[in-house]
Amino acid sequence: MLNLLDTTIRDGSYVIDFQFSAHDTTIISARLDDAGIPFIEIGHGLGLGAWRKDEMKSADNDEKYMEAASAAVKVNKWGMFFIPGIGTIEDIELAHKYKIDFIRVGTNVTEIETSKKYIEKAKELGICVFANYMKTYALNAGEVGKMAKQSQEYGADVVCVVDSAGGMMPEDVKNYVSAIRSETEVKIGFHGHNNLGLAIANSLIAIENGAEIIDTSVRGMGRSAGNTVTEIMLFALKRRGYNLNIDVTKILNLAEKIIDPLMHNYKQMDSIAIISGFAQFHSSFLPKIFKFASKYSIDPRELIIRLTMNDKVNAPDELLAKLSKEISSEKTEKTTIKLTTASLKAVNTSESTEQKMEELITRLSSASKKRGKLSVFNIVQRVSPDKQTIIFPSIHENDSFVMASGEFSINDISESTASRLEGRIDYILLDSDNKSQQSTVWTEKITAIFKRTKIIPYSDLQAWAEAISNLLLNLLKSNFSNRKVLIAGDTFLARIVEMNLKTFGTKVKICTGTDTIGNEVYDAVIYCDQSELTVKPHSGIIVIDGIIGSLNDRQIKFYSTAGINIYRPDMTMNTLSKMESMMSSINLVAEKQGLSSINGIAIAAGGIIASKGTVIVDSIKKPAKVFGIANGKGNLLTDEQISSADKFAIQSIEDWILNEALN
């Protein structure tokens, strides 16, 4: 009888650095159980006992995982992985206490004798035992068949062919499964990885040749290029006429609601994963590969191939050093592609401001779509109406946005400008400072002409001040208390910078061109307007051009002649962080903030000062975490202040959240 073994919460834990919690285990294993998955594997990616190792700490310990699974899995079977040398006999005994259904004892296929006492112990306790042959490809099919017979004699119920590197061909899988079947009466399992994109095909071939238990994981979540995908495998089996009584819709819902958010930063396929599949290389040795490749300045992919030509099971330092030296000595000059700017289509040949604007918006929109990020155009006030509009050619990005900028006077912003942005850009970031007498009119005009694009106002001067302050504080390193800073130019910007620096204990003096500063020594001078002031240069002084063009030619020459670097703040990260902060605030108000109730119990979220006894949660629309009980004054009750009624309210909301996650 064919069965699936889902290893999302075990092998999948590699993707999130083993950080599935006991709470996650409860939710995911309960959903898998409800969907009808016969075997559910949980725990640390490296199995029982691995949580004790400092370099691979998991979110919870084995016992908490066992407790969670034993409570959540009601119908089907749950189990854990076990590697001799990482796990102990005591770990198996602890698992038995929690009524574990199966244990998978994993050893390199060349070292199965190390599994004997652990298989025997598990069988003595009445636990179903799998013998998982890690790196099965290290031996030929005939040898693996003989090994399987030995595992059967130890007491194994299942022998699992493991394509640890995802490099087996379908004919390899057929040969391994057939060899085990010819030598034993045990059930046969197959654990595939997808480095060469063959995990589904290999799993189907394994089934055709007698395998009865196939490892899968939701979304293919797993080490390296991932595993056979549970939901795809189920549909492939349906096409083959198999009915496993597993509700694939429930698996798809689990994938979308729980697993997809965990996969955000996971790149299943890259060149290293593909080469690892081709060479049948186990990804656990990648840190060693990168270390030697860096030391000898060689391509790690070449080193992987050379290593596996010599050893598919281990990666000895001596062998890696020898091979690295060989590769390094063989390096020859390779032909490279050479282009000139004349051959590139993307060279900016625009002449008019309109053309430059159109080209920039096209590039911004394209970058947004290709990267799957929101697009932002930053409209900055140009105070002097007589100066030309500036379209900055650079596009900047962070994890959420791509952003471009331009400086415009009130006369430059028109319906024509809006038409270039409307429908192509997600947000306008609008400089709403009171920079001139026309600033109010400027803000009203822009708000009126943009009909569909969302506008987010911000303070450009505040962003400049923060950028200047951050630059100076970083240049001063951590020692900025009692430092003396001169700000040249008494402007609104200078006053904000002064306030920012004083909060760090920095002594700040603002001067104008009419002030006398004498020979006083300053740690830094920041120019915030075109002041004629110059400060006596000395070793270690920091000079900052706070606003582009604040320093004139004479001042630049004066400091340069003295060997003093002149710095300018980079606004990019500050503007992006402003946008991120404001979007977070918008999301907080729209999605999380508010008062409500669940089953008659009052809840609040998002910073609302709620009445005493209200349960405080993380989101009013989709609560997923309870923080505590409101004290009625904007804070939480302490543990000593919480009553039995409060505890009941907390438990009731936590139970509701758990059941919402399960359904």
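I started at the hairpin of S20 and S21, where 2 residues sit between the strands and Asn599 takes a positive phi near 50 degrees. Note to self: this is a predicted model.

Next I looked up how the two arms of that hairpin go together. Strand S20 covers residues 594–598, and its pairing with S21 is antiparallel, over 5 bridges. For one facing pair, I noted Leu595 opposite Ala604 in S21.

Then I checked what else S21 pairs with. I found strand S22, residues 615–617, which runs parallel to S21 over 2 bridges. Here Ile603 is the residue that stands opposite Val615 in S22.

Is S21 enclosed or open? I counted on burial here, with buried meaning under 20% relative accessible area. In S21, residues 601–605, 4 of the 5 residues are buried, so the strand is largely enclosed by the rest of the structure.

New page: the nonpolar cores. The largest one has 76 residues, and the members touching the most others are Leu32, Trp78 and Ile214. I asked which element gives this core its largest share. That turned out to be helix H9, residues 248–259, with 6 residues. Apart from this core I found another, of 38 residues, with Leu461, Ala494, Leu501 and Met583 among them.

Last, I went back to Trp78 and skipped its neighbours within four places in sequence. What does Trp78 contact beyond those? My list has Ile40 and Ile42, then Met66, Ala69, Ser70 and Val73, and finally Tyr98, Lys99, Ile100, Asp101 and Phe102.

Methods
Residues numbered from 1 in each chain as written. Predicted model: local features only at pLDDT ≥ 70, side-chain atom pairs only at ≥ 80, totals over all residues. Heavy atoms only, no water. Core = buried A, V, L, I, M, F, W, Y, C linked by side-chain atoms within 4.5 Å. Buried < 20%, exposed > 50% of the residue type's maximum accessible area, 1.4 Å probe, protein only. Helix = DSSP H or I, 4+ residues; strand = E, 2+ residues; numbered from the N terminus. Contact = heavy atoms within 4.5 Å. Pairing = 2+ DSSP bridges.
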